[in-house]
Amino acid sequence: MKKALKRIFLVLLAILVAIQAPFIYRRYKVGKLAEKIATLNAERTERTDDRFNEYKGVIHAHTNLGGHSTGGFDELIAAANANDLDFVLMTEHYSDAFDTSSLTLNGVYGKTLFVGGNEIDTADSDRFLMIPGSPDAAGLRKVPTTGVLEKLHAENRLAIVAYPEKFKSWDSNFDGIEVFSLNTNAKKMNPFTAIFDGIWSYPAYPELMLASYFKRPDENLRKFDEIATDNLRKIDTPARKPMISLFAGTDAHSNIGFHLFGDDTGNRILNFKIDNYATIFRLARQHVLIDASRPFSREALIEALKNGRSFIGIDALANTEGFKFEASSCEDTNAPMGSDIELCNDMGFSTAYFSVESPLESRIIVYRGGSVFREAPNSRSLEFSSKEQPGVYRVEVYLDQLGPPFDKMPWIISNPIYVR
Ligand SMILES: [Zn+2]
């Protein structure tokens, strides 16, 4: 009997060791990826722009103020400062008892500007990030989506569609869509592989382990292009809607993870909190362009976000600072992302000229209304024109040299330029 037990134990031990092999190999591959990224970051073209200053930050962060988060202000401020973030847009869950947006971080702490916002529900079960937040946040869940958006626009607040996969009121007047969400991505991770990657890869390369699970948000981008194109079509009609922008959200709660031993007072052994702020703030950021003549402020930031003067950078893969996408026609020269410009007559054709600059050699894809319009492999820049082709133009940039999955998951996603 004892012998049989011993044999079972040895077989189980052998199986446990054997299933580690692929994860040890993955740990080796993540290490190689980190080396490639270090080399890439050294090859970046530093660009300066006289017209705009670039600021980077994150959108959609929670603390324990709004429930189901374990994060506190100390951890949040330390993580934002350590990552040199210029801004963090807080989106606290609402409470019936108190105004979470005014009690969360507002103002400059260290080198980071915090703006207190809310994540809100409407009576139609739609969810928005409302920035800045409001004492009425809780009550909005009794108001239909159209009423909520009317109120938010009248109060000059930003309304960004959160969880677009569950959103229903696509006909309404929102300002933008959170097309990429770290939390949604993390929830799609296979828990089995995540546990073993957590043991082998996470301790040394937390953000790269998480980034290796990233997937291009195909459906959200398709929806974005569809709505943006529709809004452009209605631009000169009474049914006019705002030109929409796209955003990446961290949806950081600092609450996803597990610990194998320990207690809830913080004494933990083998503790994997995969969405701690410091890691999450290195992954996906919103880079915002603000007129160089304007000082950086809460108002300037919200205005630039509202106007689409920003792009998504998966900075864990390489620093995206300095990316540019601009267009020119008769009236406008070098109009930045978020602009709407008119085609103009050039030698008999209605034409617009575009330029893209990438900080690294990369594959640059230009989409028009969701279809590939131009593609340039191994490029640091791309210039092209469009004749007689109004539409919504936006850019995705890929670092194919990092290998899968990054040949299918963009490194940069620009906001569009609207051409009519
Ligand atoms: Zn959230």
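This is a short talk through one protein chain and its zinc site, starting with the overall layout.

Hi everyone, and thanks for coming. A word on the ground rules: the model is predicted, so local features need pLDDT of at least 70 and side-chain atom pairs count only at pLDDT 80 or more, while totals for chains, interfaces and linings use all residues. Residues are numbered from 1 along each chain as its sequence is written, and side-chain values use heavy atoms, with hydrogens and water left out.

Let's begin with the layout. The chain is divided into domain 1 (41-317) and domain 2 (323-420), with bounds that come from an automatic or database domain assignment. Their C-alpha centres lie 25 Å apart. Between them, 38 residues of domain 1 are in contact with 39 residues of domain 2, where contact means heavy atoms within 4.5 Å.

Now to the metal. Which residues coordinate the zinc ion? They are H60 and H62, each through NE2, together with E119 (OE) and D251 (OD), at 2.1 to 2.3 Å. Donors here are N, O and S atoms within 2.8 Å of the metal (3.2 Å for Na, K and Ca), and water is not among the atoms, so sites may look incomplete. Along the chain, the donors follow the spacing H-x1-H-x56-E-x131-D. E119 sits in strand β4 (residues 112-121) and D251 in the loop between β8 (245-249) and β9 (257-262), so this pair ties together parts that are 132 residues apart in sequence. For those labels, helices (H or I, at least four residues) and strands (E, at least two) are DSSP runs, numbered from the N terminus.

The angles among the 4 donor atoms run from 79 to 163°, and the site is irregular. To explain that word: four donors are tetrahedral if all angles lie between 85 and 135 degrees; four are square planar and six octahedral if opposite donors are over 155 degrees apart and all others between 65 and 115; anything else is irregular.

Are these donors buried or exposed? E119 is buried at 2% relative accessibility, and D251 is buried at 1%. Buried means under 20% relative accessible area, exposed over 50%, and partly exposed in between (1.4 Å probe, protein chains only). H60 is also buried, at 0%. This histidine belongs to strand β1 (residues 52-61) and has a positive phi of about 85° although it is not a glycine.

S125 likewise has a positive phi, about 60°, without being a glycine. It lies in the loop between β4 and β5 and is exposed, at 54%.

On to the rings. Rings of Phe, Tyr and Trp (its six-membered ring) pair if their centres lie within 6.5 Å; planes under 30 degrees apart are stacked, over 60 edge-to-face, and the rest tilted. The count comes to 18 aromatic pairs. In one of them, F192 and F196 have ring centres 5.1 Å apart and planes at 70°, so the pair is edge-to-face. Both lie in helix α7 (residues 191-200), 4 residues apart, about one turn of the helix. F192 is partly exposed at 45%, whereas F196 is buried at 12%. Elsewhere, ring pairs link F325, F354, F373, F384 and Y393 into a cluster.

Finally, two cis peptide bonds. One runs from I131 to P132, with omega near -10°; P132 is in the loop between β5 (127-131) and α5 (145-154). Another joins P404 and P405, with omega about 5°.

Thanks for listening!
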